Amino acid sequence: MDRLFLLETGFVVREGLRVDRLKMSFLRAFLGGVLVLVLPALALGEARVLGVRNWSSPTCTRLVVDLSEEVAFKEISSAAEKDLVVEFKAALARTEPTQRIQDSLVAGVALSSTREGTVRLKVNKKDSGFRHTVFLLPRVDGRPVRLVVDIENPAAGRRLQEQRKAVQSEKGGKAKVVVIDAGHGGEDPGAVGCRGTYEKHVVLAIAKALQERLNRSSGIKAFLTRTGDYFLGLRQRVEMAKEYGADLFLSIHADSSPNRSTKGASAYCLSLTGATDEAARILAEKENSSDLIGGVKLSADHDLNTILVDMVQTQTINESMKLGGMVLGFLQPVQEIKFSSPRQAGFRVLKAPDVPSVLVEVGFLSNPEEEARLKDPSFQARLAQALSEAVCRFLGRDPAQPILVKDGARDLSKSVSAKSTRGSASKKEHVVQPGQTLSAIATMYNTSVRELKSLNQIQEPSLIRPGQRIAIP
Ligand SMILES: [Zn+2]
């Protein structure tokens, strides 16, 4: 309401500049009256409701009330009631369209204001057994203050957790489990492209394409941390990887930079001792802020920083670096590579102690050309194919062949990586791609330049050419 008054006041003052002195004295008296009405609200710093948003995951519904100021809130209802009622002092300037908010957990949401300047949020849960959490998120990264209401279905949460643990106990010795993590989601869009593309959508599409390919490969079962547009905390993602008993964890992201010409893919692993370079440290900070942006209720950090965990993790990091090198090697024919080897920093999502974990930034959404390509499903498919080949190579499995198009010809979008697929699978042969060096090929196949040189009788490594077939030991 105070915003409306201020707008009216501004209008009167602008008009007043053109009126005569007599009218001005009338205006002064009038404005005095208006200011008496406006000032108490401003003096109190009264919060205004700016909007209401909602997200649904398989186990949780999240409601977010955007506010202009921090508020004190109180729950009016008891925990066992079906209706959750929360009240806070704020102004509701317009009717929020809450009637559309309905999903498997919530039957309805209503937001109303009382005469005492209090806003009442009523959430009708579908089951009184659903748990709720209400908390306030402070301003972060240009976002307003947010009152968050999470409605959780604990039974569904337990069921999914049991399913994840069953994957681990049933996998036996042969099958390998891969957990693919699409970064961000829900409240947290991640990087935003120069034409408005959201990282969370691009990386989910690539993650799904990768899962589909890996599940067609023999001896691999691939799972996603998030399957839709909702937020998961970084710790939750790590926990899921551990529950699945993952043999490998790949977190997929897309980067952004104030410099629109910055481009290329890069791979990152965890560091226990500090970042390898300043850029990696800043990136880790940015990716770690996902919890703040997406909204995790702050609690004590339960990291098990024992010597034992560190020792296991150090061994795991060595494996992760190997995987990161393979990821970059297999991506190189498809996408420009920013750094030729994996960088390291304190990425919280890579902290599963005994799961080789890599975070891959597939390109820059802030670069107009890369944004256009990253949005393109055929380019996403090529990235997914390259990532699946790296994963299969790391796990010692044969990658699935790209799907044939209807006329029997290979899908052109996948032809580049298809060549190396055939090479790496049965013939142990690699077809050199434009721009590929012998050392990049050695990294891809976890071998050395010396071994490749002697096996292929190559005198001068710099003289390999695109299309050349290289035998792989
Ligand atoms: Zn990201």
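Which residues of the largest nonpolar core touch the most other members? In this predicted model, they are V178, I180, L214, L250, I252 and L387, out of 55 residues in that core. Helix α10, spanning residues 377-395, is the top contributor, supplying 10 residues. A second, separate core and an open sheet of 4 strands are also covered below.

**Nonpolar cores**

- The largest core takes in at least three residues from domain 3 (165-394) and at least three from domain 4 (428-471).
- L214 is among the residues with the most contacts to other core members.
- Leaving aside residues up to four places away in sequence, L214 touches V178, I180, I220, A222, S388, V391 and C392.
- Two of these partners, V178 and I180, are themselves listed with L214 among the core residues that touch the most other members.
- The second core is separate and holds 26 residues, including L84, V123, F130 and V149.

**The four-stranded sheet**

- The strand order is β1-β2-β8-β7, and the pairing is antiparallel.
- β1 (49-56) and β7 (131-137) are the edge strands; each has a single partner, so one side of each lacks a neighbour in the sheet.
- From one strand to the next, the twist averages 15 degrees.

**The β2-β8 pair**

- Strand β2 covers residues 60-67, and strand β8 covers residues 145-152.
- The two run antiparallel and are joined by 8 bridges.
- D66 sits opposite R146 of β8.

Technical notes. Residues are numbered from 1 along each chain as its sequence is written. This is a predicted model: local features need pLDDT of at least 70, side-chain atom pairs count only at pLDDT 80 or more; totals for chains, interfaces and linings use all residues. Side-chain values use heavy atoms; hydrogens and water are left out. A nonpolar core is a set of buried Ala, Val, Leu, Ile, Met, Phe, Trp, Tyr and Cys residues joined through side-chain atoms within 4.5 Å. Buried means under 20% relative accessible area, exposed over 50%, partly exposed in between (1.4 Å probe, protein chains only). Domain bounds come from an automatic or database domain assignment. Contact means heavy atoms within 4.5 Å. Two strands pair if DSSP finds at least two bridges between them. Axes are lines fitted to C-alpha atoms, for helices over the stretch in contact, and angles run from 0 to 180 degrees between N-to-C directions.
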